[in-house]
Protein chains: 2
Amino acid sequence: MNDRLYKCLSSGNRRRILYCIGEEAKCVNEISDCLDLEQSLVSHHLKELVNCGLIEKERDGKKIYYRVSESEIIDLLEKGKELGDKLEERC
Amino acid sequence: MNDRLYKCLSSGNRRRILYCIGEEAKCVNEISDCLDLEQSLVSHHLKELVNCGLIEKERDGKKIYYRVSESEIIDLLEKGKELGDKLEERC
DNA sequence: CCATCATATGAACGATCGTTTATACAAATG
DNA sequence: CATTTGTATAAACGATCGTTCATATGATGG
């Protein structure tokens with residue numbers, strides 16, 4: 001029941017990556033600089049995000065650019081953020 | 001960054017529980033019958049869902065009834081389902 | 001072709017997760 | 001009060017996860 005999607009979104013760093021490339025495509029080094037994560041870690045997460053269909057890759061010379069594949073993905077993250085914030089107010 | 005919410009939603013059985021009590025409050029045994037899960041397993045998951053604020057409990061005699069705490073929760077699950085289905089069509 | 005830049009991959013690790021089993025607790029009923 | 005019904009908890013386990021480190025691959029420019 002949509003297990004792959006939820007599993008993929010359950011990692012905070014993967015969600016950060018999605019936000020990071022949500023507005024414009026970025027290459028691996030840009031992402032790892034932007035988020036201060038090791039290149040190999042970013043690559044691992046990108047691979048999983050591609051496998052889920054959440055992002056797409058496109059090569060341009062030496063660099064490979066990644067972009068979010070559907071706008072609904074960021075929408076869902078926003079919904080999740082709203083709900084998460086609302087639920088945490090209750091404490 | 002909303003880690004608790006996403007972690008909580010990353011379990012398929014927890015999502016099944018949310019759907020199960022999404023329309024009407026149910027007690028533990030009803031949930032475990034409904035989903036064919038062991039009572040202790042359901043209790044464990046209910047505890048985590050409560051800790052996240054996703055559900056609320058109310059005792060009535062021997063039984064304890066659980067309900068989803070915000071309607072946005074089911075909305076989010078629906079959004080997730082739509083997106084998950086859309087992403088899986090791509091294979 | 002060789003060096004370099006950009007990215008991917010594989011192995012390994014501790015940490016966390018979901019589940020099961022057994023047992024404890026709480027409320028009600030006789 | 002003893003029993004039963006309903007639920008919670010604790011310990012234990014294998015499985016999966018996120019991360020790191022080392023190394024490999026791919027493309028480009030000299």
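Modeller: Buried area is the accessible area, taken with a 1.4 Å probe, that two parts lose on being put together, summed over both. The model discussed here is predicted.

Biologist: How much area is buried between chain A and chain B?

Modeller: The size of an interface is often given as the accessible area lost when the parts come together. In this model, 31 residues of chain A and 31 residues of chain B take part in the contact. Carbon and sulfur atoms give 58% of the area buried between the two chains, and the total is about 3000 Å².

Biologist: How many salt bridges are there between chain A and chain B?

Modeller: A salt bridge needs a side-chain nitrogen of Lys or Arg within 4 Å of a carboxyl oxygen of Asp or Glu. The side chains of B:Lys86 and A:Glu70, at 3.4 Å from N to O, form one. Between chain A and chain B, the count of salt bridges is six.

Biologist: Which element gives the most residues to the side of chain A that touches chain B?

Modeller: There are 12 residue pairs in polar contact between the chains, with both residues at pLDDT 80 or more. On chain A, at least two residues each come from α1 (3-9), α2 (12-20) and α5 (71-88). With 12 residues, the element that gives the most to this side is α5(A).

Biologist: How many residues on the side of chain A that touches chain B are charged?

Modeller: That side of chain A divides by class into nonpolar, polar and charged residues. The nonpolar ones number 12 and the polar ones seven, while the charged residues number 12.

Biologist: Is B:Glu82 buried or exposed?

Modeller: B:Glu82 sits in helix α5 of chain B, which covers residues 71-88. Its C-alpha is 18 Å from that of B:Asn13, and the two are 69 residues apart in sequence. Exposed requires a relative accessible area over 50%. The value for B:Glu82 is 52%, so this residue is exposed.

Biologist: Which residue has a side-chain N or O atom 2.3 Å from a phosphate oxygen of DNA strand C?

Modeller: DNA strand C is surrounded by 26 residues, and the closest include A:Tyr66 and B:His45. A backbone N or O atom of A:Asn29 is 2.9 Å from a phosphate oxygen of this strand. For the side chain of B:His45, the distance is 2.7 Å. The side chain at 2.3 Å is that of A:Tyr66.

Biologist: What share of the atoms of DNA strand C within 4 Å of the protein belongs to sugar or phosphate?

Modeller: The surface near DNA strand C has five nonpolar, 11 polar and 10 charged residues. Chain B supplies at least two of these residues from each of α2 (12-20) and α4 (39-52). Of the strand atoms within 4 Å of the protein, bases make up the rest once sugar or phosphate has been counted, and the sugar or phosphate share is 60%.

Biologist: Which residue has a polar side-chain atom 2.7 Å from a phosphate oxygen of DNA strand D?

Modeller: The closest of the 26 residues around DNA strand D include A:Asn13, A:Arg14 and A:His45. A polar side-chain atom of B:Lys57 is 3.4 Å from a phosphate oxygen of this strand. B:Val28 instead has a backbone N or O atom 3.4 Å from a phosphate oxygen. The polar side-chain atom at 2.7 Å belongs to A:His45.

Technical notes. Residues are numbered from 1 along each chain as its sequence is written. Chains are lettered from A and ligands numbered from 1 in the order in which they are written. This is a predicted model: local features need pLDDT of at least 70, side-chain atom pairs count only at pLDDT 80 or more; totals for chains, interfaces and linings use all residues. Side-chain values use heavy atoms; hydrogens and water are left out. Helices (H or I, at least four residues) and strands (E, at least two) are DSSP runs, numbered from the N terminus. Buried means under 20% relative accessible area, exposed over 50%, partly exposed in between (1.4 Å probe, protein chains only). A residue is near a molecule or strand if one of its heavy atoms lies within 4 Å of it. A polar contact is a pair of N or O atoms within 3.5 Å; within protein, one must be able to donate a hydrogen and the other to accept it, and residues adjacent in sequence count only if both atoms are side-chain atoms. Ala, Val, Leu, Ile, Met, Phe, Trp, Tyr, Cys and Pro count as nonpolar, Asp, Glu, Lys and Arg as charged, and the others, Gly among them, as polar. Contact means heavy atoms within 4.5 Å.
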